[in-house]
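Got the model open in your viewer? Keep the selection box handy, and we'll go from the whole chain down to single residues and back up to helix pairs.

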Amino acid sequence: SRMLIASAFGCTVRRLTADEFADDRVLSEPVLVAAASAPPPLEALDALTVRVVSASSADSMLYSQFGRGAAPAEPQRFAAFAANASGMVFSFGDEAETSPVEAVMPSGLAAQAARVLERASLAAGDECAQSQPWHTPLVSAGGRRTGLRLHQHGAAWLYLLSGAKRWWLAHPESDLFDEPSRAEAVALASVSDEAEWPPPGAAPLCSVEQRPGELLFVPAMWFHATRNTGGGLTLGVGAQTVLSSLPREAALAEVSALHRAFPRCARLEAYLLEGEERPTRASAARLAALVRRDPWHLPARLTLLRHSLAAGGGAGSGAALEVAADLEAHVRRLVEQHAALTPLDARFVLGAAAEQLHEAARARLAPRARNALSESAKALFLGSARLQDTARSLLVGAGERGADGAALPTQHRAAWLEAVTRMASSSYAGGAQQAVRECVRALRAMPPHEGDDAASEARAVAEKLARALGSRERR
């Protein structure tokens, strides 16, 4: 018979047999499915290419909210990864390949799970179910204590092959982020730290441990966090609905249907507004309210910046610059005080915001006189440069501006070069010539490193900027 487990905190995880899992038409709550089987032929995975991210990036707020690290995941043969188990794997190199998943699972279970995902679509009609890739196969692997902090996405399932995995889950409309002190604790606690997670007072969270031979299904937009608890490699295969891979109309239809089903889910409303092509002052005001309610959701902050820029019209920039400054301070705190973002993660977020400001400034230039700089455009260019400068300083850490290149950690060199180059571009466009000169000095001072060509690229950029400054000063 069906059992309820992990029900102490207001959510339930049903335990089903494989036959019961096949009989359920639509699952609206998490289920744990037991499927008796022989040991899987794991060698079927050995030759596959998988994408590896570092353990620190995986536990960062960036990965849990954007589904990616600051840098593209490194492709690697699974056998090589499994021998070392450094970092985490979340996807196959070829995301259209389903046969590896089917090869290591009990007969028919993968097909049953695929049908459950297709039925999980809430949008009317068959548009979403027929759109490919509606669900993407995945492999999840990592050593002990690796995991992902609390996040949401489309419906998903994972079948565990080895190790053990602890899950924490909550309903999409739970009040996890309604009370400020609890919201901060939930957002900032590291899942890999057993002393921190779960944080005290996170009452809506329920918990269950998954063992080999069990499949866990998570409905769309349910909050969940994970930690690998096995002694060696914890390995699972599964699939996930990827709304960003759908055609735009299909994705919007599904998000709209989910929002109707869960109207109190603030992040769903933010996703819905992200798809709005014509932002208004009303949409910007609503996003501002969502950010105040859940200040830890970085995608909503970037969407708020886009809406604020669009709603401000051709002349206004003050509200958008306030949003950008608030984002800048928030990201700096996440890096320096809470270690919830790495400096590379911060560069990704601040770079995305800086690009919005830079492009909005370009759009405000007079169409027939691209050098005619309005006060609004100037403010946006300089706001963009400031965001890039903050990204640069976080990448350097304690280094002084003039010693940037020498103080850089090796893995930050490429990101630093891009941040300084874009900072110089925005500063030049905004008429801040002294800031450009400082960028030139920093670029020229970047020392060479045997692992990259960043120093020679930096010198080439510096000379190009110096020539542009000289040309402007002679005019």
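## The whole chain

Start with everything shown: of the contacts in the protein with a separation of 6 or more, 75% are between residues 24 or more positions apart, where contact means heavy atoms within 4.5 Å. This is a predicted model, in which local features need pLDDT of at least 70 and side-chain atom pairs count only at pLDDT 80 or more, while totals for chains, interfaces and linings use all residues. Residues are numbered from 1 along each chain as its sequence is written, and side-chain values use heavy atoms, with hydrogens and water left out.

Colour by secondary structure and you have 19 helices and 14 strands. Those labels are DSSP runs numbered from the N terminus, with helices being H or I of at least four residues and strands being E of at least two. Of the 475 residues in the protein, 51% are buried. Buried means under 20% relative accessible area, exposed means over 50%, and partly exposed is in between, using a 1.4 Å probe and protein chains only.

## Odd backbone spots

Most residues other than glycine have a negative phi, and most peptide bonds are trans. Now for some exceptions.

Select R145, in the loop between β7 (135-142) and β8 (147-151). R145 isn't a glycine, yet its phi is positive, about 75°. Its relative accessibility is 41%, so R145 counts as partly exposed.

Jump to M221, in the loop between β12 (214-218) and β13 (223-228). Here too the phi is positive, about 70°, in a residue that is not a glycine. Is M221 buried or exposed? M221 is buried, with a relative accessible area of 2%.

Next, select W197 and P198 together: the peptide bond joining them is cis, with omega about 0°. P198 sits in the loop between α8 (180-188) and β11 (206-210).

## Two stops on the helices

Pick out α9 (residues 248-261). At 1.5 Å a residue, its 14 residues should span 20 Å, and the end C-alpha atoms are indeed 20 Å apart; the expected span is 1.5 Å times one less than the number of residues. Show side chains for A250, A251, E254, V255, A257, L258 and H259, the buried residues of α9. Part of what covers them is α10 (266-274).

Then go to V291, in helix α11 (residues 281-293). With 7% relative accessibility, V291 counts as buried. Which residues does V291 contact, leaving aside its neighbours within four places in sequence? Look for A300, R301 and L304. You can also draw a distance from the C-alpha of V291 to that of A266: they are 25 residues apart along the chain and separated by 9.0 Å.

## A run of helix pairs

Select α13 (residues 318-336) and α14 (residues 343-363), whose axes come within 10 Å and cross at roughly 175°. Axes are lines fitted to C-alpha atoms, for helices over the stretch in contact, and angles run from 0 to 180 degrees between N-to-C directions. That angle makes α13 roughly antiparallel to α14, a label for angles over 145 degrees, with under 35 being roughly parallel, 65 to 115 roughly perpendicular and the rest oblique.

Show the side chains where they meet: L321, A324, L327, E328, V331 and V335 from α13, and P343, A346, V349, L350, A353 and L357 from α14. The contact has 11 nonpolar residues, no polar ones and 1 charged. Ala, Val, Leu, Ile, Met, Phe, Trp, Tyr, Cys and Pro count as nonpolar, Asp, Glu, Lys and Arg as charged, and the others, Gly among them, as polar.

Stay on α13 and add its buried residues, including A320, V323, H330 and L334. The elements covering the buried residues of α13 include α4 (61-66), α8, α12 (298-311), α14 and α15.

Now show α14 with α15: their axes come within 8 Å and cross at roughly 170°. That makes α14 roughly antiparallel to α15. Their contact divides into 16 nonpolar, 6 polar and 2 charged residues.

Last stop: α15 (residues 375-396) and α17 (residues 413-429), with axes that come within 8 Å and cross at roughly 155°. They are therefore roughly antiparallel to each other. Residues making the contact include F381, L382 and R392 of α15 and W416, R422 and M423 of α17. By class, the contact has 11 nonpolar, 4 polar and 3 charged residues.
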